[in-house]
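Me: Please walk me through this structure by question and answer. Keep it brisk.

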Amino acid sequence: MSSSSGWTPGTWDYDVLIVGGSLVGLTLAAWLGPHGLRVLVVEAQEGLAGTAARVYAVMPLTERIWQAVGVWPQLKAVLQLYERIDLTDQGQHPIVFTPTDLGGRPWLGSVGEQRCLWPVMREFIAQTPNVTYWEGTRLLDMVVTPTAAKATLERQGQLLHLSVGLVVGADGARSQVRQRAGIKTWAWPYWQSCLTTVLYADEPPVAYERFWPAGPLALLPLPDHRWGIVWTLPHQDAQRLLPASAEEFLAHLRPYLPFTEVTEVGPRHCFPVEWRQARRYVQPRLALIGDAAHRCHPVGGQGMNLGIRDAATLGEVLVTAHQRGEDIGQLPVLRRYERWRWPQVLLSLLFTDTLNRVFSQGWEPLVTMRALVLQTMQRVGVLRRLSLHFMTGLWGRLPSSL
Ligand SMILES: Cc1cc2nc3c(=O)[nH]c(=O)nc-3n(C[C@H](O)[C@H](O)[C@H](O)COP(=O)(O)OP(=O)(O)OC[C@H]3O[C@@H](n4cnc5c(N)ncnc54)[C@H](O)[C@@H]3O)c2cc1C
């Protein structure tokens, strides 16, 4: 690989190097490539990137972003659409959200698995102009000069040196890009972990969010009557149930479910939960998106959706700068992304944190207050609609092409 000295457009090996080829990194590549930016995506894992067992609630805004890049019809085919969200506190005071609350769309949202979504996205990227994808490749080092970022990659036992205009960290919560850049974070761990598994139940597809004093339980409808379970519990309880037999596990879970005729059909996993916000999202020739920039409690299924919105926002900022003939790695360009996205993400992170803290409590006065709030929301349509727009990402400044 050559290296450049003295910036003029096109003298880099690639305009943008995206480190991390999961859904967030690939969405950014799909946004940039068709606009003439030359993109290299490097992914450490061979084959499937990200966490294979992950089940995502996909929000309407993510759907719109995937529509804008042109991959939505293919992704829709592997997603389960649902028309109802059912939220309860200890099984009581239900709030039911329907498509009417979002202005009468045919469905409210959808649910999919990483193992099904990622191959579709990868196939789409293979057809996207100007995008190169290298699996089994990891970023080892990077040095920023005024005119380029010099990245050292390890690929099949070989070291490669590349000169790029911008490095984007889409490399997850333990981001090497963020750590090498010395970007600090505000973070705290929760007292809870998430147990995940897949159940079978012959029930209509409804997305359930059920709050219990130990933590929220989400049941997300998947194709073929399967259900993704994300059960938040104190660490010790989650660890104790992780190796339990299916009978023992379901005996514990059943009292918290909206229906009881269930069987366990997937492997069980346990993830500790944390809150994290990077103090900066950008530096000269560097930007962070997705879990590399922020991490939140899984309640409300926000994390990946926030990352996809980062990708669309950074994509729009970079394409506009490129079209104006600006150097896309310069701080003033990148600060447009940070100013736009950092406060929006902070609001969402604080919202999920508050939701978890307020609902993971059995203290009577708080239980009474929650009941009042939930009953009011169920009765007052405008409150229900506002909260749903917020949770589904349909608020705040959006990229203009959406
Ligand atoms: C239990 C649980 C349930 C969740 N449910 C939802 C949900 O319903 N909806 C939702 O929106 N979010 C959900 N989330 C959050 C969501 O999983 C994350 O926000 C999302 O996966 C982040 O995506 P990412 O691409 O930023 O990072 P990751 O998915 O972590 O991907 C990072 C990629 O970078 C690669 N990589 C790392 N280092 C390097 C390197 N040095 N070089 C090259 N490649 C590298 C990794 O191999 C990986 O493929 C949940 C999280 C948990 C824990």
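The turns below go from the ligand shell to the core, the sheets and some single residues.

Me: What kind of model is this, and how are residues numbered?
Reply: This is a predicted model, in which local features need pLDDT of at least 70, side-chain atom pairs count only at pLDDT 80 or more, and totals for chains, interfaces and linings use all residues. Residues are numbered along each chain as its sequence is written, starting from 1.

Me: Which residues come nearest to the ligand?
Reply: A residue is near a molecule if its C-beta atom, placed from the backbone, lies within 6 Å of it. The ligand has 37 residues around it. Those that come nearest are Gly20, Gly172, Gly290, Gly301 and Gly303.

Me: Which element gives the most to the shell around the ligand?
Reply: Helices (H or I, at least four residues) and strands (E, at least two) are DSSP runs, numbered from the N terminus. Elements that each supply at least two shell residues are α1 (23–32), β3 (55–58), β9 (137–144), β12 (185–200) and α8 (303–323). The one that gives the most, with 4 residues, is α8.

Me: How many charged residues does the shell around the ligand have?
Reply: Ala, Val, Leu, Ile, Met, Phe, Trp, Tyr, Cys and Pro count as nonpolar, Asp, Glu, Lys and Arg as charged, and the others, Gly among them, as polar. The shell has 16 nonpolar and 16 polar residues. Its charged residues number 5.

Me: Which residues touch the most other members of the largest nonpolar core?
Reply: A nonpolar core is a set of buried Ala, Val, Leu, Ile, Met, Phe, Trp, Tyr and Cys residues joined through C-beta atoms within 7 Å. Buried means 20 or more other C-beta atoms within 10 Å of a residue's own, exposed means 12 or fewer, and partly exposed is in between, with C-beta atoms placed from the backbone. The largest core holds 105 residues. Its members that touch the most others are Leu17, Leu28, Val164, Val167, Ala287 and Ile289.

Me: Which residues does Leu17 touch, not counting those up to four places away in sequence?
Reply: Two residues are in contact if their C-beta atoms, placed from the backbone, lie within 7 Å. Leu17 is one of the core members that touch the most others. Its partners are Leu40, Val42, Ala151, Leu162, Val164 and Val167.

Me: Why is one side of β3 and of β4 left without a neighbour in the sheet?
Reply: Two strands pair if DSSP finds at least two bridges between them. The open sheet of 3 strands has the order β3-β7-β4, with antiparallel pairing. One side of each is free because β3 and β4 (80–82) stand at the edges, each with a single partner strand.

Me: What is the bridge partner of Val58 in β7?
Reply: β3 and β7 (residues 109–113) run antiparallel, joined by 4 bridges. Across from Val58 in β7 is Ser110.

Me: How many residues of β15 are buried?
Reply: β15 spans residues 226–234 and is mostly covered. It is joined to β12 by 9 antiparallel bridges, and β14 (residues 217–222) pairs with β15 over 6, also antiparallel. Of the 9 residues in β15, the buried ones number 7.

Me: Which residue in the turn between β14 and β15 has a positive phi?
Reply: The two strands form a hairpin with 3 residues between them. Leu222 has Arg226 as its bridge partner in β15. The turn residue with a positive phi, of about 60°, is Asp224.

Me: Which residues lie on the two faces of β2, and are they buried or exposed?
Reply: β2 (residues 39–42) pairs with β1 (residues 14–19) in the parallel sense, over 4 bridges. Val39 and Val41 are on one side, with Leu40 and Val42 on the other. These residues are all buried.

Me: Is Arg285 buried or exposed?
Reply: Arg285 lies in the loop between β18 (282–283) and β19 (286–288). Its phi is positive, about 65°, although it is not a glycine. With 26 other C-beta atoms within 10 Å, Arg285 is buried.

Me: What separates the C-alpha atoms of Ala52 and Arg115?
Reply: Ala52 sits in the loop between β2 and β3. Beyond its neighbours within four places in sequence, Ala52 is in contact with Gln114 and Arg115. Ala52 and Arg115 are 63 residues apart along the chain, yet their C-alpha atoms are separated by 5.1 Å.
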